[in-house]
Amino acid sequence: MSDLLFRNISQYINLSEEDFQQFLKPFEFKAFKKKEIVLKEGECCLFEGFVLNGCFKVYYLNENGFEQTLYFAVEGWWITDIDSLINAVPSILNIEALEDSEVLMISKKDKEHLYETMPQIEKLFRIMNQKSSVALQRRILSLTGKTADKRYLEFLEKYPGLEQKITQQQVAAYLGITHEFLSKIRKKISLEK
């Protein structure tokens, strides 16, 4: 299981096997059942989690009570509410397992300790945070500047195979459209092929 995490971080930094084992020590393995809530709005987020397998949705409820999905976290992705974690404020996000899933979780305290004892880990998370910021910026630009058709095609490219694992309502919540409008888009795209 830790092989996936090792491959993930090796994209950003080089760690010896010994250093990787030291890095891995504070992580805790957790299994979640389908529909299990990992983080609920109003709770303080105390963790970052690396998805070993399965799928999660990170979402919030807008002022009308409609679900808005920020992102899906599949194998090799990280889950957290970074605002809540860093600023110790109640989360506005929910994180839910969409299928039986397994995660390696690390607390903020343990992560800070790694920063102090393993300087290359601070570099790792700095790079990952930069990449996350870029991804979120692109997501915002997509939501505000692209048609729903283009956002749907981007979703298919970004999350290959995920559409078969989740409901059309969940896809629509990610795209910021209604389920009915998504059906029209899917029909239009299938006719164009």
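The following exchange covers the sheet, helices and aromatic rings of a predicted model.

Trainee: What is the strand order of the open sheet of four strands?

Mentor: The pairing in this sheet is antiparallel. Its edge strands, each pairing on one side only, are β1 (28-32) and β6 (78-79). The order is β1-β8-β3-β6.

Trainee: How many bridges join β3 to β8?

Mentor: Strand β3 covers residues 47-53 and also pairs with β6 in the antiparallel sense, over two bridges. With β8 the sense is antiparallel as well, and Gly49 has Met105 in β8 as its bridge partner. The number of bridges joining β3 to β8 is six.

Trainee: Is β3 largely enclosed or open, and how many of its residues are buried?

Mentor: Buried means under 20% relative accessible area. Strand β3 has seven residues, and because most of them meet that criterion, the strand is largely enclosed by the rest of the structure. The buried count is six.

Trainee: Which strands does helix α1 touch?

Mentor: Helix α1 (residues 2-10) packs on the sheet, and its direction makes about 115 degrees with that of β3. The strands touched are β3, β6 and β8 (101-107).

Trainee: Which residue in β6 is the bridge partner of Phe50?

Mentor: Phe50 belongs to one aromatic cluster with Phe6, Phe20, Phe23, Phe27, Trp78, Tyr115 and Phe125. One of these cluster members is also its bridge partner in β6. That partner is Trp78.

Trainee: Why does the pair of Tyr71 and Trp77 count as stacked, and what is the angle between their planes?

Mentor: Ring centres must lie within 6.5 Å, and planes under 30 degrees apart count as stacked. The centres of the Tyr71 and Trp77 rings are 6.4 Å apart, so they pair, and the angle between the planes makes the pair stacked. That angle is 25 degrees.

Trainee: Which is the state of Trp77, buried or partly exposed?

Mentor: Its ring partner Tyr71 has 16% relative accessibility and counts as buried. For Trp77 the relative accessible area is 27%, and the buried class requires a value under 20%. Trp77 is therefore partly exposed.

Trainee: Which charged residue sits over the ring of Phe125, and at what distance from its centre?

Mentor: Phe125 is one of the buried residues of α5, a helix spanning residues 119-145. Elsewhere, the charged end of Lys57 sits over the ring of Tyr59, 4.7 Å from its centre. For Phe125 the residue is Lys111, at 4.2 Å.

Note on methods. Residues are numbered from 1 along each chain as its sequence is written. This is a predicted model: local features need pLDDT of at least 70, side-chain atom pairs count only at pLDDT 80 or more; totals for chains, interfaces and linings use all residues. Side-chain values use heavy atoms; hydrogens and water are left out. Rings of Phe, Tyr and Trp (its six-membered ring) pair if their centres lie within 6.5 Å; planes under 30 degrees apart count as stacked, over 60 as edge-to-face and the rest as tilted. Buried means under 20% relative accessible area, exposed over 50%, partly exposed in between (1.4 Å probe, protein chains only). A charge sits over a ring if NZ of Lys or CZ of Arg is within 6 Å of the ring centre and within 35 degrees of the ring normal. Two strands pair if DSSP finds at least two bridges between them. Contact means heavy atoms within 4.5 Å. Axes are lines fitted to C-alpha atoms, for helices over the stretch in contact, and angles run from 0 to 180 degrees between N-to-C directions. The expected span of a helix is 1.5 Å times one less than its number of residues.
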